[in-house]
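Welcome, and please open your viewer. We will take a short walk through one model, selecting a piece at each stop.

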Amino acid sequence: MEKTLLEVKNLSVCVEGKQILNNLNLNIKSGQIHAIMGPNGSGKSTFSYSLIGHPKYQISSGQFMFYGQDITRLPVDKKAKNGIFLAFQYPYEIEGLSLRNFLRQSYNSLYSGTEKELSFEEFNAYLVEKTQDLKINSDFLQRGVNFGFSGGEKKKAEILQLAVLEPKLAVLDEIDSGLDVDSLRVVCESIKKVKLNNPSMSLLIITHYPRILHFLEPDFVHILKKGSIVESGNKALATTIENEGYK
Ligand code: ADP
Ligand code: MG
């Protein structure tokens, strides 16, 4: 039987004194693809921010268990070291830090001193392999992290991070937002490639738009409404939402 990777127990979260998530429960096993769908403002990003530990998002009750360990109050770098990755809905721009250096620093902070440690030269070769695999031009790596990137390029950069960092759980918050259908296809092909190279990686796809789920077929779909999961099912549930909306 697959191991439970993430268990969310009775999670309630407040933002600016307002309760956004109410007693949310969720279980994700190794290798599974889950989707959380919900209308705008239902609390999807609140969920991803509270998982990673954004200080504005206060966990008033409940727990995040990761491999059976309570990680609710761990600092963000420890969560990352445990194998949790969040692709932002709105990726931050960092002028003056090249994507290449950012990826190297991130990789080293996760893996130096482990069996995945890479020397400077080895990391460069690893990065060449990853960028080629995702059909990303190497010029891209010289640019400031997301600085002046188009919407599609920002999402590509998030997926390159995913490919390089190889987390155990990747939370993709509206990775489809702002993408036209061709860019969406490219981004989804890249995500599929990363998943194929890392079969035990679990994905949590957060979206309000069913379209992405035609490309990345989830094993489970959960509907978030007013801060709670009101229904769970298989990918057919996404089709129901597509045809009937959230009402
Ligand atoms: P979704 O990602 O599903 O669109 P969010 O989690 O972003 O929804 O937002 C859920 C609710 O929480 C909204 O009512 C939003 O206004 C509120 N909220 C989220 N983040 C903040 C914040 N930083 N400050 C104030 N209110 C927030
Ligand atoms: Mg959101």
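Begin by selecting strand 1 (residues 4–15) and strand 4 (residues 57–66): they run antiparallel and are joined by eight bridges. Strands here are DSSP runs of E with at least two residues, helices are runs of H or I with at least four, and both are numbered from the N terminus. Two strands pair if DSSP finds at least two bridges between them. Now pick Cys14, which stands opposite Gln58 in strand 4.

A note before the next stop: this is a predicted model, where local features need pLDDT of at least 70, side-chain atom pairs count only at pLDDT 80 or more, and totals for chains, interfaces and linings use all residues. Residues are numbered from 1 along each chain as its sequence is written, chains are lettered from A and ligands numbered from 1 in the order in which they are written, and side-chain values use heavy atoms, without hydrogens and water.

Widen the selection to the open sheet, whose four strands have the order 2-1-4-5 with antiparallel pairing. Its edges are strand 2 (18–29) and strand 5 (69–70), each pairing on one side only.

Next, select ligand 1 and the residues with a heavy atom within 4 Å of it. You should find 14, with Gly41, Lys44, Ser45, Thr46 and Tyr57 the closest. Helix 1 (44–52) and strand 2 each supply at least two residues of this shell; the largest share, three residues, comes from helix 1.

Finally, zoom in on the backbone at Lys44, where an N or O atom lies 2.8 Å from an oxygen atom of ligand 1.

Conventions. A polar contact is a pair of N or O atoms within 3.5 Å; within protein, one must be able to donate a hydrogen and the other to accept it, and residues adjacent in sequence count only if both atoms are side-chain atoms.
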